[in-house]
Each structure stands twice: as structure tokens, then as C-alpha cells.
Amino acid sequence: MTAIPDEKRRTPRIQPFVAPCQIAAGTRRLSAHLTDLSLEGARVACEAAPPALEEWVTVEVRLPRQAERSSLPGRVKWVQPAENRKGHTFGITFEGISAGGQAQVATVLAEFRRLAAELS
């Protein structure tokens, strides 16, 4: 396992963001939760053994205000034990995401920012 690298993100993530999801990693399927989200990746929390570093995975999630589940492919970039509970958290960088998947994530991010602006 590796530690979370120094901040190198090019796009901001929305936090807190929690959505139940499934992670397809090879023949394994893990129940998990997205805990933050950006156009380029996500953080995932799960109780099961995490996927390996650099493993290709697909995040299957019903994003807020989306009628269908999104399938967001990517690679695992870091893994660490979860803080304050059992399990692990890991970071995924989206790779090979479809234009439709990108649009779905962009819509969620825009709505989140709009609602946050209304609160401030």
C-alpha cells in the first residue's frame, strides 16, 4: 500500500460527496462508497480488500439526478487503510471514460457547485 501522494490534482473534487457504488475489479465486485469526485477521478471507501495499485477497475454508480447507472473506468493510484473504521480507501484516476460518462460527472459537479453557492 502507498500513502496518498502530495496534492497534484488539476481539477477540484467535491467533498463531502457520498454515493454507494460497486467496483468491478477483474472478476471481483466490491460494495463501496464514493467519498469525493472530480472530472478526473474519485476516492472510494470499502470494507473489502482493495484492488491492487494500477489495477483497472470500473466504478458503477447512480450519480445524483441521473436516471441510469454510470460506468466510470479507471486505474487505482493509491491505497491506504481507512481512518477510524475497518477497511480501506483508494484513489481512482478515470481513464477511457466515455463522453457520456464525462457529461454525467460534469453535471453532478455543476449541480453541487450551484447548491454550494446558494448556501453561501
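Start by colouring the cysteines: a search of the whole structure, which is a predicted model, turns up zero disulfides. Select C21 and C46 together to see the reason. The two sulfurs cannot be bonded because the sulfur of C21 sits 8.7 Å from the closest cysteine sulfur, that of C46, while a disulfide needs sulfur atoms within 2.5 Å. Seen from the other side, C46 is in no disulfide either, and the nearest cysteine sulfur to C46 is the one in C21. Are these two cysteines buried or exposed? C21 is buried, with a relative accessible area of 4%, and C46 is buried as well, at 3%.

Next, switch to a cartoon view and follow the strands. Six of them form a closed barrel in the order β1-β2-β3-β6-β5-β4, with antiparallel pairing. From one strand to the next, the twist averages 45°.

Now take the pairs in turn. Begin with β1 and β2, which run antiparallel and share seven bridges. Zoom in on A25 and you will find R28 of β2 standing opposite.

Move on to β4 and β5, another antiparallel pair, this time over six bridges. Select T58 here: its bridge partner in β5 is P73.

Stay with P73 for a moment, since this proline lies within strand β5. What does P73 contact, leaving aside neighbours within four places in sequence? The list is V57, T58, T93, F94, E95, G96 and I97. Try a distance label between the C-alpha atoms of P73 and V57: they are 5.8 Å apart, although 16 residues separate them along the chain.

From β5, cross to β6. These strands pair in the antiparallel sense over seven bridges, and P81 stands opposite H88 of β6. Follow the hairpin between β5 and β6 round its six connecting residues and stop at N84, where phi is positive, near 65°.

For the last stop, show side chains and look for the largest nonpolar core, a set of 25 residues. Which residues have the most contacts inside this core? Select I23, L34, L37, V59, V61, F90 and I92. Two or more core residues come from each of β1 (19-25), β2 (28-37), β3 (41-46), β4 (56-61), β5 (70-81), β6 (88-94) and the helix α1 (99-119).

Finish by centring on I23. Beyond residues up to four places away in sequence, I23 touches R28, R29, L30, A32, V44, P51, V57, T58, V59, F90 and I92.

Notes
Residues numbered from 1 in each chain as written. Predicted model: local features only at pLDDT ≥ 70, side-chain atom pairs only at ≥ 80, totals over all residues. Heavy atoms only, no water. Core = buried A, V, L, I, M, F, W, Y, C linked by side-chain atoms within 4.5 Å. Buried < 20%, exposed > 50% of the residue type's maximum accessible area, 1.4 Å probe, protein only. Helix = DSSP H or I, 4+ residues; strand = E, 2+ residues; numbered from the N terminus. Contact = heavy atoms within 4.5 Å. Pairing = 2+ DSSP bridges. Axes fitted to C-alpha atoms, helices over the stretch in contact; angles between N-to-C directions.
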